[in-house]
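Me: Could you take a close look at one part of this structure for me? I'd like a single connected walk-through rather than a list.

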Amino acid sequence: FLNKNILNGNNISLSIGSALLANGLGLKYERLIPRKKVYYTLTGGAHFFRIDFFGTEDHSIVYISNGLITGLNKPNHFEASLGLGWDLGEFESAPGSGYNAIVPVLNIGYRFQRPNKSLVFRSGIGVPEFLYVSLGHSF
């Protein structure tokens, strides 16, 4: 790919999210693959969140996803992704009540990332991220 005015191909980001009774924190690695007018993404990460609704549940999700980012050489982007995660959950009121489940992982949102620069800012809505903001470093 000959265009030098594109986004850096790798990034690591930290996100925080909330949805009234649920709050979470996530860390992910993302690989961007440029195509004609978009980027395809391959992402792996972990997200930890707590739900406080008629009892407390703690969740740890490890996931992989594929996505799409618009705007090849612009700073403002639309992004969306879809994948699967492995949820390890437990009810705080019942120690040893742990369970495992395969869950969908998805997000849709806004991304600010200038070509050839390291700052990545994201915001949007997703599962398991809820309403989120994220800061990252691209390289």
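Reply: What follows is a look at Asp 87 and its surroundings. Keep in mind that this is a predicted model, where local features need pLDDT of at least 70, side-chain atom pairs count only at pLDDT 80 or more, and totals for chains, interfaces and linings use all residues. Numbering runs from 1 along each chain as its sequence is written, and side-chain values use heavy atoms, leaving out hydrogens and water.

Asp 87 sits in strand β5, residues 76-91 (strands are DSSP E runs of at least two residues, numbered from the N terminus). Asp 87 is buried (under 20% relative accessible area, 1.4 Å probe, protein chains only) yet lacks a salt bridge (a Lys or Arg side-chain nitrogen within 4 Å of an Asp or Glu carboxyl oxygen). Its nearest oppositely charged side chain, Arg 50, is 12 Å away. Arg 50 is instead paired with Asp 58, at 2.6 Å from N to O.

What Asp 87 does have is a side-chain polar contact with the side chain of His 59, at 3.0 Å. Skipping neighbours within four places in sequence, Asp 87 also touches Ser 60, Ile 61, Tyr 99, Asn 100, Ala 101 and Val 103. Two of those, Ile 61 and Val 103, belong to the largest nonpolar core, along with Ala 22, Phe 49, Tyr 63, Val 105 and Phe 130. Strands β4 (56-70) and β6 (99-112) each give that core at least two residues.

Elsewhere on β5, Glu 79 bridges to Arg 122 in β7 (119-127), 43 residues apart, with closest N and O atoms at 2.6 Å. Both Glu 79 and Arg 122 are buried, and they're linked with Lys 28, Glu 30, Arg 111 and Glu 129 in a salt-bridge network.

Key:
Helix = DSSP H or I, 4+ residues; strand = E, 2+ residues; numbered from the N terminus. Buried < 20%, exposed > 50% of the residue type's maximum accessible area, 1.4 Å probe, protein only. Lys, Arg positive; Asp, Glu negative; His and termini not counted. Polar contact = N/O pair within 3.5 Å; in protein donor to acceptor, adjacent residues only side chain to side chain. Contact = heavy atoms within 4.5 Å. Core = buried A, V, L, I, M, F, W, Y, C linked by side-chain atoms within 4.5 Å.
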